[in-house]
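Hello,

Here is the structure I promised to pass on to you. Please open it beside this email, and I will walk you through what turned up.

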Amino acid sequence: MGRYALRVASLAVAVGVWQLLTSLNVDLWLRFSQFPTVADVARAFADRLSGPDYWTDLTDSLTRILTGFLLAAVLGVATGVLVARSRLAEDVLGPLLEVVRPIPAIALVPVAILLFPSNEQGIVFITCTAAFFPVLVSTRHAVRALTPVWEEAVLTMGGGRWRILGSVVLPGALPGIFGGLSVGIGVSWICVISAEMISGQYGVGYRTWQDYTVVNYAGVFDGMVTIGVLGWVTSTAVELLGRRLTRWLPRTSYVPGVRPRATVPVSPAAGATKTETAPSTEETRDEHLV
């Protein structure tokens, strides 16, 4: 509870500093006098909640982000496993993927406008592309990092390729896959908001840009807060799902400033019933350097 209280307190301090700087019209190097106060943003947000446009924008943005992200998750995992497991796929798809990967997804807006018959499909395409490459790269590295001993054990027991895929490759790569999904959901939000600003008709990004064009800065900050909360909720959901699907992994409690110690059981022949701690590899290396 103390940690949660500290997190809430940090947000409260940030909001208090914002209110103080804007209410006093502080102009040093940064011009806080141009910013709306927290009270102005809260009043504008309350007015927006009472209208239907806010909920329509929220629904449209969530539909776009979830559709594009789910497509990117399926395609990214499948392509990453294929490229990591097949030399032919790596030779055929690898060069193309590496050429396209550095291109920012938001730079594909003209391509999406020309390629797809509607703006809605184009925005989903941009969102999918933004999340696809982080998932692909993380999956590829996670699959290649698996130890061959596990695969050899399945082959020894008579398992085939599909058995290896379901029992070794996908479970073993899950931590890396969810690392890519966590990165991908954040990048997807950046690109879907940018695409809505450029070519969207509804959505949080579209409404935020419209508020800026009519000099409604309180509405702009309402959009920014909404985007931040939605991004935090979706990324937290991905993280919780990853923890649930990887319950079999060993968990360690991290305490800052305290080095973990590995417990080594004493040999039964020695007549001991307790365990003793052995110094970790890091401690041994540090002692050697000293």
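One definition before we start: a salt bridge here is a side-chain nitrogen of Lys or Arg within 4 Å of a carboxyl oxygen of Asp or Glu. Please also keep in mind that this is a predicted model.

**Salt bridges**

Nine salt bridges turn up in a search of the whole structure. A good one to start with joins Asp211 and Arg48, whose side chains come to 2.7 Å, N to O. Asp211 belongs to helix α9 (residues 204–213) and Arg48 to helix α2, so this pair ties together parts that are 163 residues apart in sequence. Are the two partners buried or exposed? Both Asp211 and Arg48 are buried. For Arg48 the relative accessibility is 18%, and the cut-off for buried is under 20%, so Arg48 falls on the buried side.

It is worth clicking on Arg48 to see its surroundings. Its helix, α2, covers residues 38–49. Leaving out residues up to four places away in sequence, Arg48 touches Tyr54, Arg207, Asp211, Asn216, Gly219 and Asp222.

Next, have a look at Arg64, which takes part in two salt bridges. With Glu120, the closest N and O atoms are 2.9 Å apart. Glu120 lies in helix α6 and Arg64 in helix α3, so the pair ties together parts that are 56 residues apart in sequence. With Glu196, the closest N and O atoms of the pair are 2.8 Å apart. Glu196 is in helix α8, so its pairing with Arg64 of α3 ties together parts that are 132 residues apart in sequence. Arg64, Glu120 and Glu196 are thus linked in a network of salt bridges.

How exposed are the members of this network? Arg64 counts as buried, at 3% relative accessibility, and Glu196 is buried as well. Glu120 is partly exposed, with a relative accessible area of 37%.

**The nonpolar core**

In soluble globular proteins, nonpolar side chains tend to be buried together. In this model, the largest nonpolar core has 45 residues, and Ile126, Leu181 and Trp189 are those with the most contacts inside it. Which helices supply it with at least two residues each? They are α3 (52–85), α5 (109–115), α6 (119–144), α8 (161–199) and α10 (217–245). The biggest share comes from α8, which gives 14 residues to this core.

To see part of the core up close, try Leu181. Apart from neighbours within four places in sequence, Leu181 is in contact with Phe69, Ala73, Val135 and Val238.

**How some of the helices pack**

Two helix pairs are worth turning the model for. The axes of α2 and α10 are 9 Å apart, and the helices pack at an angle of about 75°. That makes α2 roughly perpendicular to α10. On the α2 side, the contact is made by Asp40, Val41, Ala44, Phe45 and Arg48, and on the α10 side by Ala218, Gly219, Phe221, Asp222 and Thr226. Arg48 therefore appears here too, besides its salt bridge with Asp211 of α9. Sorted by class, this contact of α2 with α10 has five nonpolar, two polar and three charged residues.

The other pair is α3 with helix α4 (residues 87–100), where the axes are 6 Å apart and the angle is about 125°. These two helices are therefore oblique to each other. From α3 the contact takes in Thr79, Leu82, Val83 and Arg85, and from α4 it takes in Arg87, Ala89, Glu90, Leu93 and Leu97. By class, the contact of α3 with α4 has five nonpolar, one polar and three charged residues.

**Two loop residues to look at**

Most residues other than glycine have a negative phi. Asn25 has a positive value, with phi near 55°. You will find Asn25 in the loop between α1 (2–23) and α2, where it counts as partly exposed at 47% relative accessibility.

Val215 also has a positive phi, near 60°. Its place is in the loop between α9 and α10. At 52% relative accessibility, Val215 counts as exposed.

Happy browsing, and best wishes

Technical notes: Residues numbered from 1 in each chain as written. Predicted model: local features only at pLDDT ≥ 70, side-chain atom pairs only at ≥ 80, totals over all residues. Heavy atoms only, no water. Core = buried A, V, L, I, M, F, W, Y, C linked by side-chain atoms within 4.5 Å. Buried < 20%, exposed > 50% of the residue type's maximum accessible area, 1.4 Å probe, protein only. Helix = DSSP H or I, 4+ residues; strand = E, 2+ residues; numbered from the N terminus. Contact = heavy atoms within 4.5 Å. Axes fitted to C-alpha atoms, helices over the stretch in contact; angles between N-to-C directions. Parallel < 35°, antiparallel > 145°, perpendicular 65-115°, else oblique. Nonpolar A, V, L, I, M, F, W, Y, C, P; charged D, E, K, R; others polar.
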